[in-house]
Amino acid sequence: MASSTKLLIFSALSLLQLLQFSAAQAAVNGGYWFPESGFAASNIDSSLFTHLFCAFADLDPSTNQVTVSSSNTAAFSQFTATVQSKNPSVKTLLSIGGGNATRTATFSSMATQPSSRKSFIDSSINLARRYGFSGLDLDWEYPRTSSDMTNLGSLLSEWRRAIAADAQSSGKAALLLTAAFYFSPNLNGVNYPAQSINTNMDWVNVMAYDFYDPSWYRFTNSHSMLYDPSSQVSGSSGIGAWIQAGVSANKLVLGMPFYGYVWQLANANNHGLLAPAIVPGGGAMGYNQIKNFISQNNAAVVYNATIVTNYCYSGTTWIGYDDTQSIAAKVSFAKQRGLLGYFAWHVGVDSNWALSRQAKQSWGA
C-alpha cells in the first residue's frame, strides 16, 4: 500500500475517533465518591447512577504525572469492579485534582509547556486504562489567569487527540473526557476557553454551589440556589452564561451539593433567608447529618421555591441545604433546559439514598 494511501486512511480513522465523542452522549446521572469520606465504595447504590467519579488522583509536581497515593491504590484500582458489581452498565471516571491551593499551583505549572502537558496526559490515560476507568475528569480549582485559561485550552485539545490515538491503537472505546468547572465561564474577570471546551470535552460538570459560606458572610443564604432575582450568582445564571459563551447545553451537567452550610444566627427569632449571622459559622454538614440534626432538635424546615433551596433552624443554628424538593426542581430545570444531566458532590453523605433516588426519579427515562 502506498504511503500516501496509508496516511489518508490513518487521518480518516483519527478524525473518526475525534468525532466519536461528540455523538449523542447518554444522559448523565452522576455522583462523586472519595475514600476519605469514610463511606465504602462497596456501599454505593450504583443502580442510581449512570456515571460515578472516583476522586482524587494527584499531580506530581516534579514529574507532571498523574499518580494515586499508596493509601488509595487499592480503592482506586478496585473502584470500577466494585460499583459495577451492582450495576454493570455504570461508567466510572478517574477524577484528577481537587480544591486546594497547592494543587492549583501545580496544575498551573504543568499546563505551561507542551512537554509537561504531554507527561500529564499520557500518564492519565495509562492510569485510567490500568484501573479500568471509562474516562478522565479534570478538577483544576481554579485556573486564575488569562495564561492559565489559554493553557487549559491547549491542554484539552492535546488531551482529546491523545485519547483518540489511544483508542485507535488499543482498539478500545475512547475514554470520556470531562471536567468540573466553576459555575460560570467567567472566573473573577477571566474567561474559560469555551471554544476548546465545547470542541474537545464530552461534558462539563458545572459546580453550581459554594456561592456563600458562613465563614465570611454575615447573613444566612443558600450556597446553591438555582435562581436569584437580585444577582447573577445562581445555578440558572451560570448555566445561561456557559451557553452564551458557546458551550452547548447538551455538554453541561448541573452540579448539586449533598451537603449544606451551618450559620449561627445573631438572633434566634430572626431566622429567614438573609437573616443576620455571626461569623464564622459552623462550616459544612452532610445531608445525612442535617437530617439527624432536624430529627434530634425538632428543627423547623422551610422550602423556598423562589430561589429553590431548603433550610432549617433550631435555636441559633441555621442550615442551608438541598432536600428532595430542591433536588427535584433542579433536575427538572436541567432536563427542561436540554442539559446532559446532573451530578452530586458527594454520594457518601446522602441519607438512605433519598436525594439520589429523587434525582433519578425526577430525570426519568
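Which helix holds Q84? Q84 is found in helix α2, which covers residues 73-84. The legends below start with the whole model and then turn to single sites.

**Figure 1. Overview of the predicted model.** The protein is built from ten helices and 16 strands. Its C-alpha atoms fill a box of roughly 85 × 45 × 40 Å along the principal axes. A compact globule of 365 residues would have a radius of gyration near 21 Å, and the protein agrees because its own value is 21 Å. Buried residues account for 52% of the 365 residues. Take the contacts between residues at least 6 apart in sequence: 73% of them join residues at least 24 apart.

**Figure 2. The surface and charges of the protein.** About 15000 Å² of the protein is exposed. Carbon and sulfur atoms supply 51% of that area. There are 20 positive and 18 negative side chains. The centres of these two sets lie 8 Å apart.

**Figure 3. Q84 in helix α2.** Is Q84 buried or exposed? Neither: Q84 counts as partly exposed because its relative accessibility is 26%, and the buried class stops under 20% while the exposed class begins over 50%. A polar atom of the Q84 side chain lies 3.0 Å from the backbone oxygen of V90. L138 is 54 residues from Q84 along the chain, and the C-alpha atoms of the two are separated by 22 Å.

**Figure 4. The cis peptide bonds at Y142 and H346.** Most peptide bonds are trans. The bond from E141 to Y142 is cis, with omega near -5°. Y142 sits in the loop between β5 (135-140) and α5 (146-170). A cis peptide bond also joins W345 and H346, where omega is about -5°. H346 belongs to the loop between β16 (341-345) and α10 (354-363).

**Figure 5. N298 and its positive phi.** Most residues other than glycine have a negative phi. What is the phi of N298? The angle is near 50°, a positive value in a residue other than glycine. N298 is placed in the loop between α8 (287-297) and β13 (300-304). With 70% relative accessibility, N298 counts as exposed.

**Figure 6. N352 in the loop between β16 and α10.** Phi of N352 is positive, near 55°, and N352 is not a glycine. Why does N352 count as exposed? Its relative accessibility is 73%, and exposed means over 50%. H346 is found in the loop between β16 and α10, where N352 also lies.

Conventions: Residues numbered from 1 in each chain as written. Predicted model: local features only at pLDDT ≥ 70, side-chain atom pairs only at ≥ 80, totals over all residues. Heavy atoms only, no water. Helix = DSSP H or I, 4+ residues; strand = E, 2+ residues; numbered from the N terminus. Rg over C-alpha atoms; globule rule 2.2 N^0.38 Å. Buried < 20%, exposed > 50% of the residue type's maximum accessible area, 1.4 Å probe, protein only. Contact = heavy atoms within 4.5 Å. Areas by Shrake-Rupley, 256 points an atom, 1.4 Å probe, with all protein chains shown as cover. Lys, Arg positive; Asp, Glu negative; His and termini not counted. Charge placed at Lys NZ, Arg CZ, Asp CG, Glu CD. Polar contact = N/O pair within 3.5 Å; in protein donor to acceptor, adjacent residues only side chain to side chain.
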